[in-house]
Amino acid sequence: MLIIVLLCLQATGVDQAAGMSLIVFSLLLFTYYSIWVIVLPFVESDHVLHKYFLPREYSVILPGIAAVVLLLCIAAFTAVVLWKNHNPKKVN
């Protein structure tokens, strides 16, 4: 807890707002996905709650697509860093 307090003292207002918005977005996404995957299978299909969620097939497809995009971004970042740090050998 002390580390969080120390980090908050060093962050600017914009950094704190961006961090808080990321935390709120993550909590909302986690809550939505948890209800979608854990609770909805036990609720009757004609219940009003089902109209707020995509079909159940997307609960597997969307995280899979997100994982592929994340891996592509990591690979692209790694390739750019390696390419920029490449030092060609000098010919004598």
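This passage goes through the overall fold, the main pocket and three residues around it.

The model described here is a predicted one. Its protein chain is built from helices, three of them, with zero strands to go alongside. Reading from the N terminus, the order of elements is simply α-α-α. Not much of this chain is tucked away: of its 92 residues, 7% count as buried. The accessible surface adds up to about 8500 Å², and carbon and sulfur atoms account for 75% of that area.

Next comes the largest pocket. Its volume is about 190 Å³. Two helices each put at least two residues into the lining, namely H2, which spans 13-39, and H3, which spans 58-84. H2 is the top contributor, with five residues. The full set of lining residues reads Leu29, Phe30, Tyr32, Tyr33, Trp36, Leu62, Pro63 and Ala66. Sorted by class, the picture is about as plain as it gets: eight nonpolar residues, no polar ones and no charged ones.

Tyr33 is a handy place to start looking at single residues, as this tyrosine is part of the pocket lining and sits in helix H2. Its relative accessible area is 32%, so Tyr33 falls in the partly exposed class, between the 20% and 50% cut-offs. Once neighbours within four places in sequence are set aside, Tyr33 touches Ser59 and Pro63. Pro63 is itself one of the residues lining the largest pocket. Tyr33 can also be placed relative to Phe53, which comes 20 residues away along the chain; the C-alpha atoms of the two are 9.2 Å apart.

On the other side of the Tyr33 contact is Ser59, a residue of helix H3. Ser59 counts as buried because its relative accessibility is 9%, which is under the 20% cut-off. Apart from neighbours within four places in sequence, the residues in contact with Ser59 are Tyr33, Trp36 and Val37. Of these contacts, Tyr33 and Trp36 also appear in the lining of the largest pocket. The side chain of Ser59 has a polar partner too: one of its polar atoms lies 2.6 Å from the backbone oxygen of Arg56.

A second serine, Ser34, belongs to helix H2. With a relative accessible area of 17%, Ser34 is under the 20% cut-off and therefore buried. Here the side chain reaches a backbone oxygen as well, that of Phe30, at a distance of 2.8 Å. Phe30 in turn is among the residues that line the largest pocket.

Conventions:
Residues are numbered from 1 along each chain as its sequence is written. This is a predicted model: local features need pLDDT of at least 70, side-chain atom pairs count only at pLDDT 80 or more; totals for chains, interfaces and linings use all residues. Side-chain values use heavy atoms; hydrogens and water are left out. On a 1 Å grid over the protein atoms alone, a cavity is a set of points where a 1.4 Å probe fits but cannot get out, and a pocket is an open set with protein on both sides within 12 Å along at least five of seven lines; lining residues have an atom within 4 Å of a point. Grid points are joined across faces, edges and corners, and a volume is the space filled by probe spheres set on the points. Helices (H or I, at least four residues) and strands (E, at least two) are DSSP runs, numbered from the N terminus. Ala, Val, Leu, Ile, Met, Phe, Trp, Tyr, Cys and Pro count as nonpolar, Asp, Glu, Lys and Arg as charged, and the others, Gly among them, as polar. Buried means under 20% relative accessible area, exposed over 50%, partly exposed in between (1.4 Å probe, protein chains only). A polar contact is a pair of N or O atoms within 3.5 Å; within protein, one must be able to donate a hydrogen and the other to accept it, and residues adjacent in sequence count only if both atoms are side-chain atoms. Contact means heavy atoms within 4.5 Å. Accessible areas come from the Shrake-Rupley method with a 1.4 Å probe; for residues, only the protein chains shown count as cover.
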